[in-house]
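Reader: I am new to this structure and should be grateful for a close look at a single part of it, the enclosed space inside. Please describe what surrounds that space, and then set it among the neighbouring features.

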Amino acid sequence: MFKTLITSTAIALSLANYADAEVPMAFDVAEDHTRIHMAAAPLHENGMPAHGNAFVSQGYIYPEGTLADGTVGVLEDGSPAFPDLVLGTWTCDGYFVGEGGNATTGVWIISRQTFAFNDGATVVTQGTEIADIGQPNLRPVTGATGDFADIDGGLIQTTLGFNDFWGLSATYAFEAPKMDATKAKDAAFRTDGYPSIKVDEDDHLEWDSGAPVGPIFDERMIPST
């Protein structure tokens, strides 16, 4: 019981520190259309990239919510629309797959994305991208440095849409930290933020020793006068 209390409290404090960290747990990306470069082939008849087409692209990392409600983060000349808010540079390279540029749903890209923040921290993810607008898609984090070095789990990408210059707008958020299943049973949180401990015990018989419970009177304990 005592060991369970200590373990659960440690988990609770760890998660609290994780949530209170100054590391941005979510951010937006605006692709710079002037830095999108695709291979000359293969292409669909309409000129869109086809399965196997290689590409590389870059853009700007902004604080979460910057690109909400259709806000465009890149000007026509490729410069950031909000230069004072730029957190770093986003680089994406990979290949179009399936229906490629003609896809309207499902996986259309296999890519590596590198988030290089101004303070020197980096996050690298590699996985699928889906053509669905507004649909969250989990990407594995394959590497991280600086303030992100100890972050577990993946990075969720949600495509917000494409601007007038065909540049991607997307928002990203790290997965919530996960606890070991056996530990998660014993750790919960009250509304005041402090851990409340739930201990599950198997049904079992209690042994009654027959010994009396409570103060025991013995006349020998009375001081002699």
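**The largest cavity and its surroundings**

Author: In this predicted model, the largest cavity is lined by W108, E129, I130, A131, I133, Q157, T159, F162 and L168. Two elements, strand 6 (122–130) and strand 8 (154–162), each give two or more residues to this lining. Strand 8 provides the largest share, with 3 residues. The space itself amounts to about 40 Å³. By class, its lining comprises 6 nonpolar, 2 polar and 1 charged residues.

The search of the whole structure finds 2 cavities of 30 Å³ or more. The second largest has a volume of about 30 Å³, and its lining consists of T128, E129, I130, Q135, N137, Q157 and T159. Strand 6 and strand 8 again give two or more residues each, but here the largest share, 3 residues, comes from strand 6. The lining of this second cavity divides into 1 nonpolar, 5 polar and 1 charged residues. E129, I130, Q157 and T159 belong to the linings of both cavities.

Two residues of the largest cavity's lining, W108 and F162, also appear in the largest pocket, where they are among the residues that lie nearest the centre, together with M48, F96 and W166. This pocket holds about 490 Å³ of space and has 21 lining residues. Strand 3 (54–63), strand 4 and strand 5 each supply at least two of them, and strand 4 gives the largest share, 3 residues. The pocket lining is made up of 15 nonpolar, 4 polar and 2 charged residues.

Strands 4 and 5 are also joined by a charged pair. The side chains of R112 and D93 form a salt bridge at 3.0 Å, N to O. This pair links distant parts of the chain, for R112 is in strand 5 (residues 107–117) and D93 in strand 4 (residues 88–96), 19 residues apart. R112 is partly exposed, at 38% relative accessible area.

The count of salt bridges comes to 2, and the other one joins D32 and R35 at 2.7 Å, N to O. Within that pair, D32 is buried, since its relative accessible area is 3%, whereas R35 is partly exposed at 24%. R35 also lies over the face of Y60, 5.2 Å from the ring centre.

Aromatic rings form a further feature. The structure contains 12 aromatic pairs, and ring pairs connect F27, F115, F117, F148, Y172 and F174 into a cluster.

How values were computed: Residues numbered from 1 in each chain as written. Predicted model: local features only at pLDDT ≥ 70, side-chain atom pairs only at ≥ 80, totals over all residues. Heavy atoms only, no water. Salt bridge = Lys/Arg side-chain N within 4 Å of Asp/Glu carboxyl O. Buried < 20%, exposed > 50% of the residue type's maximum accessible area, 1.4 Å probe, protein only. Helix = DSSP H or I, 4+ residues; strand = E, 2+ residues; numbered from the N terminus. 1 Å grid on protein atoms, 1.4 Å probe; cavity = no way out; pocket = protein on both sides within 12 Å on 5 of 7 lines; lining within 4 Å. Points joined across faces, edges and corners; volume = space filled by probe spheres on them. Nonpolar A, V, L, I, M, F, W, Y, C, P; charged D, E, K, R; others polar. Phe/Tyr/Trp six-rings, centres within 6.5 Å; stacked < 30°, edge-to-face > 60°. Lys NZ or Arg CZ within 6 Å of the ring centre and 35° of its normal.
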